[in-house]
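Reader: I am new to this structure and would be grateful for a close look at a single part of it. Kindly take the pocket as the subject and then set it within the chain as a whole.

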Amino acid sequence: MNKIMALDVGTKRIGIALSDFLHVIATPHSFIQRQPEKKAIEEILKIANENHVNIIVVGVPKNMDDSIGFQAEDCINFSQKIVGFDIILEDERLTSEEAEERLRERKIDFRKNKGLVDMESACVILEQYLGR
């Protein structure tokens with residue numbers, strides 16, 4: 001059995017979360033810098049291969065009216081550069097707000113480390129996907 005990876009693709013960082021082998025639990029894994037993009041993709045592929053991933057869920061921040069804006073297009077374009085895995089696009093509206101709330105509840109100060117929000121957002125994206 002394989003794991004599932006989720007990505008919260010931002011302009012500066014990419015948050016990464018992984019499922020367990022039973023596809024029940026989502027856990028924040030890490031975050032990486034988005035630039036240079038080639039290196040970011042190499043790191044994603046390395047993490048995916050090391051963790052026996054076969055599906056990568058990429059968050060797409062649709063607008064509230066369900067349309068695709070600039071940031072969503074950017075995420076879709078980035079996802080198309082990841083080869084060798086099944087890519088699933090997942091609506092990720094409001095995941096950053098939920099991630100920040102979760103971190104506040106755990107009394108984690110994320111203001112100086114936005115990567116924590118990116119990792120938690122990836123976890124929210126993965127939980128949404130696993131919940132269906």
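Which element supplies the largest share of the lining of the largest pocket?

Author: The largest share, three residues, comes from α3. The model under discussion is a predicted one. In this model, α3 covers residues 95-105, and α3 is one of the elements that each supply at least two residues of the lining; β1 (3-9) and α4 (115-130) do so as well.

The largest pocket has a volume of about 220 Å³. Its lining consists of 16 residues, and those closest to the centre of the pocket are D8, G10, E92, S96 and D118. Sorted by class, the lining holds eight charged residues, together with four polar and four nonpolar ones.

The approach to α3 along the sequence also deserves attention. The loop between β5 (86-91) and α3 contains L94. This residue is not a glycine, yet L94 has a positive phi of about 70°. The relative accessibility of L94 is 52%, and L94 therefore counts as exposed, since the class of exposed residues begins over 50%.

A second residue with this kind of backbone angle is found in another loop. H23, likewise not a glycine, has a positive phi of about 60°. H23 is placed in the loop between β2 (13-19) and β3. With a relative accessibility of 25%, H23 counts as partly exposed.

The loop that follows β3 has a feature of another kind. Q35 and P36 are joined by a cis peptide bond, with omega at about -5°. P36 belongs to the loop between β3 (26-33) and α1 (37-50).

These parts may now be set within the whole chain. The chain comprises four helices and five strands, and their order along the sequence is β-β-β-α-β-α-β-α-α. The radius of gyration is 14 Å, close to the 14 Å that the globule rule gives for 132 residues, so the chain is as compact as a globular protein of that length. Along the principal axes, the C-alpha trace spans about 35 × 30 × 30 Å.

Of the 132 residues in the chain, 46% are buried. The accessible surface comes to about 7200 Å², and carbon and sulfur atoms account for 53% of this area. Finally, among contacts between residues at least 6 apart in sequence, 60% join residues at least 24 apart. The lining of the largest pocket likewise draws on separate stretches of the sequence, with β1 (3-9), α3 (95-105) and α4 (115-130) each supplying at least two residues.

Methods. Residues are numbered from 1 along each chain as its sequence is written. This is a predicted model: local features need pLDDT of at least 70, side-chain atom pairs count only at pLDDT 80 or more; totals for chains, interfaces and linings use all residues. Side-chain values use heavy atoms; hydrogens and water are left out. On a 1 Å grid over the protein atoms alone, a cavity is a set of points where a 1.4 Å probe fits but cannot get out, and a pocket is an open set with protein on both sides within 12 Å along at least five of seven lines; lining residues have an atom within 4 Å of a point. Grid points are joined across faces, edges and corners, and a volume is the space filled by probe spheres set on the points. Ala, Val, Leu, Ile, Met, Phe, Trp, Tyr, Cys and Pro count as nonpolar, Asp, Glu, Lys and Arg as charged, and the others, Gly among them, as polar. The radius of gyration is taken over C-alpha atoms; the globule rule is 2.2 Å times the number of residues to the power 0.38. Buried means under 20% relative accessible area, exposed over 50%, partly exposed in between (1.4 Å probe, protein chains only). Contact means heavy atoms within 4.5 Å. Accessible areas come from the Shrake-Rupley method with a 1.4 Å probe; for residues, only the protein chains shown count as cover.
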